[in-house]
Amino acid sequence: MEGSVARELLGFPPDSRPSPSQVKAAYKRKAWESHPDRFPAHEKVSAESKFKSISEAYSLLQAGQFLAFIYFETASR
């Protein structure tokens with residue numbers, strides 16, 4: 001999954017640079033909206049798939065922000 005796709009899944013424009021707190025808030029909102037336990041049995045499979053995609057997007061963006069922070073910290077020394 002690319003960063004632009006991950007940002008779109010969480011509701012951000014593809015070329016945006018959301019802050020860690022914005023990413024976390026968007027993830028919580030999207031995860032709550034798509035949580036499989038909120039859907040009837042016949043919709044659970046699609047809800048699980050969407051929930052996993054949203055979780056993957058969050059992990060990707062969080063890891064990217066962490067790596068950018070590490071790079072910035074080591075580059076400024």
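Start by selecting M1, which sits in the segment before α1 (residues 3-9). Helices here are DSSP runs of H or I with at least four residues, strands are E runs of at least two, and both are numbered from the N terminus. M1 has a relative accessible area of 42%, so M1 is partly exposed. On the scale used throughout this tour, buried means under 20% relative accessible area, exposed means over 50%, and partly exposed lies in between, with a 1.4 Å probe and protein chains only.

A word on what you have open: this is a predicted model, in which local features need pLDDT of at least 70 and side-chain atom pairs count only at pLDDT 80 or more, while totals for chains, interfaces and linings use all residues. Residues are numbered from 1 along each chain as its sequence is written, and side-chain values use heavy atoms, with hydrogens and water left out.

Keep M1 selected and add V5 and L60. Together these residues form a nonpolar patch on the surface, with about 230 Å² of accessible area. Patch members have over 30% relative accessible area and no salt bridge; nonpolar side chains (Val, Leu, Ile, Met, Phe, Trp, Tyr) are joined within 5 Å, and like charges within 9 Å. The areas come from the Shrake-Rupley method with a 1.4 Å probe, and for residues only the protein chains shown count as cover.

Now zoom out and switch to cartoon. You should find three helices and zero strands, running α-α-α from the N terminus on. Of the 77 residues in the protein, 22% are buried.

Next, walk along the loop between α1 and α2. G11 is in this loop and is exposed, at 53% relative accessible area. Draw a distance from G11 to R29: the two are 18 residues apart in sequence, and their C-alpha atoms are 9.9 Å apart. F12 also belongs to the loop between α1 and α2, but F12 is buried, with a relative accessible area of 17%. Further along the loop is D15, which counts as exposed at 68% relative accessibility. From D15, look back to S4, eleven residues away in sequence and 6.5 Å away in space, C-alpha to C-alpha.

Select helix α2, residues 20-34. Its 15 residues should span 21 Å at 1.5 Å a residue, and the end C-alpha atoms are indeed 21 Å apart; the expected span is 1.5 Å times one less than the number of residues. Which residues of α2 are buried? Colour V23, A26, Y27, A31 and S34 to see them. They cover an arc of only 130° around the axis, so they lie on the same side of α2; the arc is taken from the directions from the helix axis to the C-beta atoms. Turn to the other side of α2 and you will meet S21, K28 and W32, which are exposed.

Stay with A26 in helix α2, which is buried at 2% relative accessibility. A26 and F12 are 14 residues apart in sequence and 8.6 Å apart in space, C-alpha to C-alpha. For A26 and L9, 17 residues apart along the chain, the C-alpha separation is 9.5 Å.

Now show side chains for A6, L10, F12, V23, A26, Y27, A31, I54, A57, Y58 and L61. These eleven residues make up the largest nonpolar core, and α2 and α3 (44-75) each supply at least two of its residues. Such a core is a set of buried Ala, Val, Leu, Ile, Met, Phe, Trp, Tyr and Cys residues joined through side-chain atoms within 4.5 Å.

For the last stop, select K44 and D37. Their side chains meet in a salt bridge at 3.8 Å, N to O. The rule asks for a side-chain nitrogen of Lys or Arg within 4 Å of a carboxyl oxygen of Asp or Glu, and the count comes to one salt bridge. K44 is partly exposed, at 26% relative accessibility, whereas D37 is exposed, at 60%.
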